[in-house]
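This briefing concerns the nonpolar interior and the strand pairing of one protein model. Please keep the sequence and the structure at hand while reading.

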Amino acid sequence: MAAKVTRLRTPPARTLRSAAEAFLDTIGSPNTRDAYGIAIVKTVDALDGPGPDGLIGRSRALNSITDAEALPASAARSTPPDSETPVRSRTAIDQLIARREVHVREKTLWRMLYETCARAEELLQLNIEDLDQAGRCAGVKSKGAKPRTRRCGPAHHEHVLEIVYWDAGAARLLPRLLRGRTHGPVFVTHRRPGPGKYLADRDICRGTGLARLSYDQARDLLDAATAIDGPGTGWDLHELRHSGLTHLGEAGAGLLELMAKSRHRKAENLRRYFKPSPQAMRDLTALLGPGADRRR
C-alpha cells in the first residue's frame, strides 16, 4: 500500500514590523505602549528603508537583521542587575526636595519613592481614589502582578494589590499636590495632551484635562534637577527606592522587614539594595572591640 505524503505548511517568516507589533501588544499601559511605540516604529522604518516610490516598502524578515543593525556601536549598554547603584544620603535627598525651584509634584513623587521604597512605575499608576491618606498607605499593582483567578468561571480582570506605606514627609506634601482633586491620576503633566493622543479614561484628570505623568517624563525631571555634567548624568528614579532600603538596613531593619517593605519574594534579590555606609560598618565593628558589652 502506497504511503500518502502530506506537505507541511511552512509558516510565513516573521517580519520586523509584525514582531514589533506583537511586542507592543504585550504592553498593558497605554502610556508606556505609546512611548515605546514611537521609538520602535522609527527604528523599524529606518531598518526597512524606503521602497521604490520613496515610501516605506515591504518589511524585512526578522532573521535578516544583523547584530550591527539591531544594536549599533553607539547604543549604551544597559546596567547589569548587580551593578553599583548609588546610595544618596538622607541629607542630599532632603536638600533636593527642599529646593524652592522644584515643583510640588516632583517633591511629592521623590519623597514618596524614598519613604515607600516602591517602584516608580507603581506610584505613577496611582489614582487619587487609591490613596488612604489617613492611613498613609495605598494599594499598588506590583511588578509581575497576575490577575485574580477563580476555580470556575471567567478570570477576574483585577489584580492583587500590595500595600505601600509613606510617612510624614509625603503626607504633608500630598494635600498641596492634589489641591482638592478627588479623582484621576495623582501625578499629572502640566499640559493637556495633544488632539491626536489617545488615553484611557483612568489616565486623564476629569477636572483639569491633564494626563498621567509618564515614567520617561518623571525620569527626565529628576535628571534635570540633579545633573551636573549635562543631561543623563543626574540621579535615577530607582536610586530613591534603593537609598530608602539601604537606610532602613543601616537603621537596624531585619531581613524579613526589608523584604516586606520592598516586596521582594527572594532574599537574594534584596542583596544589591543593602549596602551599609562606612559609618554603619564602623558602628557594627565597634561591637567586637574591647568594652563592647558596657556600650550596649
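The notes below treat the cores, then the strands.

This is a predicted model, in which local features need pLDDT of at least 70 and side-chain atom pairs count only at pLDDT 80 or more, whereas totals for chains, interfaces and linings use all residues. Residues are numbered from 1 along each chain as its sequence is written, and side-chain values use heavy atoms, with hydrogens and water left out.

**Nonpolar cores**
- The largest nonpolar core (buried Ala, Val, Leu, Ile, Met, Phe, Trp, Tyr and Cys residues joined through side-chain atoms within 4.5 Å) has 35 residues, of which W110 and V186 touch the most other members.
- Buried means under 20% relative accessible area, with a 1.4 Å probe and protein chains only.
- Elements supplying at least two residues each include α4 (90-98), α5 (104-116) and β2 (137-141); helices (H or I, at least four residues) and strands (E, at least two) are DSSP runs numbered from the N terminus.
- The most residues, 6, come from α5.
- Beyond its neighbours within four places in sequence, W110 has contacts (heavy atoms within 4.5 Å) that include L96, L221 and L240.
- A second, separate core has 8 residues, among them L24, I27, I40 and I65.

**Strands**
- In β2, 4 of the 5 residues are buried, so this strand is largely enclosed by the rest of the structure.
- β2 pairs (at least two DSSP bridges between the strands) in the antiparallel sense with β1 (residues 131-132) over 2 bridges, and D132 has C137 of β2 as its bridge partner.
- The hairpin of β1 and β2 has 4 residues between the strands, and R136 in the turn has a positive phi of about 55°.
- β2 also pairs in the antiparallel sense with β3 (residues 161-165), over 5 bridges; here V140 stands opposite E162.

Key. Buried < 20%, exposed > 50% of the residue type's maximum accessible area, 1.4 Å probe, protein only.
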